[in-house]
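Reader: I am new to this structure and would be grateful for a close look at a single part of it. Please choose one part, describe its residues in turn, and then place it within the chain as a whole.

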Amino acid sequence: MGIIAWILIGLLAGFIAKALMPGKDPGGIIITMLIGIAGGLLGGWLGKVIFGVDSIDGFFDLSTWIAAIIGSVILLVIYRVVAGGRRSHA
């Protein structure tokens with residue numbers, strides 16, 4: 001898959017991850033989209049390392065989308081924990 005396909009999958013995976021985990025995020029929509037792109041890469045890497053499968057078979061492959069969404073959810077949780085703790089409660 002090309003870089004444009006990765007960006008599209010990441011953007012949509014970030015959107016889906018945000019829908020699965022509603023709530024106020026410390027960042028805006030741009031941060032959520034960047035988390036989605038990075039989450040797609042993380043999900044593909046984890047699928048290969050943990051399960052030994054090539055989860056990045058194609059744009060319309062279900063395993064590609066599942067890996068990207070799981071990676072995005074993981075990064076969104078980490079981001080909420082890290083960035084949420086830095087906000088001041090003034």
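**A close look at helix α3**

Author: I70 lies in helix α3, which covers residues 62-84. This helix is the part examined here, and the model that shows it is a predicted one. The account begins with the surface, continues with residues of the helix and their partners, and ends with the chain.

I70 belongs to a nonpolar patch on the surface, together with L62, I66, I74, V77, I78, V81 and V82. The accessible area of these residues, taken together, is about 710 Å².

Another member of this patch, I74, is likewise placed in helix α3. The relative accessibility of I74 is 31%, so I74 counts as partly exposed; the partly exposed class lies between the limits of 20% and 50%. When residues up to four places away in sequence are not counted, I74 touches L42 and L46. A further relation links I74 with G43: 31 residues separate the two in sequence, while their C-alpha atoms are 8.7 Å apart in space.

S72 also has its place in helix α3. Is S72 buried or exposed? S72 counts as buried because its relative accessibility is 1%, and the buried class requires a value under 20%. Its side chain reaches the backbone oxygen of G36 at a distance of 3.3 Å. Neighbours within four places in sequence aside, the contacts of S72 are A13, G14, A17, I35, G36, G39 and G40.

G36, the partner in that 3.3 Å approach, is located in helix α2. With a relative accessibility of 0%, G36 counts as buried. Its contacts, again leaving aside neighbours within four places in sequence, are G10, G14 and S72. G14 thus appears among the contacts of S72 and also among those of G36. In addition, the C-alpha atom of G36 is separated by 8.1 Å from that of L75, although their positions lie 39 residues apart along the chain.

Helix α2, residues 29-51, also contains W45. At 51% relative accessibility, W45 counts as exposed, a class that begins over 50%. The C-alpha atoms of W45 and A67 are separated by 8.6 Å, and the two residues are 22 apart along the chain.

Helix α3 contributes to the interior as well. The largest nonpolar core consists of 5 residues: I9, A13, W65, A68 and I69. Two elements give two or more residues to this core, namely α1 (3-20) and α3. The largest share comes from α3, which supplies 3 residues. A13 of this core is also one of the contacts of S72.

The chain as a whole provides the setting for these details. It has 3 helices and 0 strands, and its elements run α-α-α from the N terminus on. Of its 90 residues, 32% count as buried. Among contacts with a separation of 6 or more, 74% join residues 24 or more positions apart. The chain exposes about 5600 Å², and carbon and sulfur atoms supply 76% of that area.

Methods
Residues are numbered from 1 along each chain as its sequence is written. This is a predicted model: local features need pLDDT of at least 70, side-chain atom pairs count only at pLDDT 80 or more; totals for chains, interfaces and linings use all residues. Side-chain values use heavy atoms; hydrogens and water are left out. Patches are made of residues with over 30% relative accessible area and no salt bridge: like charges are joined within 9 Å, nonpolar side chains (Val, Leu, Ile, Met, Phe, Trp, Tyr) within 5 Å. Accessible areas come from the Shrake-Rupley method with a 1.4 Å probe; for residues, only the protein chains shown count as cover. A salt bridge is a side-chain nitrogen of Lys or Arg within 4 Å of a carboxyl oxygen of Asp or Glu. Helices (H or I, at least four residues) and strands (E, at least two) are DSSP runs, numbered from the N terminus. Buried means under 20% relative accessible area, exposed over 50%, partly exposed in between (1.4 Å probe, protein chains only). A polar contact is a pair of N or O atoms within 3.5 Å; within protein, one must be able to donate a hydrogen and the other to accept it, and residues adjacent in sequence count only if both atoms are side-chain atoms. Contact means heavy atoms within 4.5 Å. A nonpolar core is a set of buried Ala, Val, Leu, Ile, Met, Phe, Trp, Tyr and Cys residues joined through side-chain atoms within 4.5 Å.
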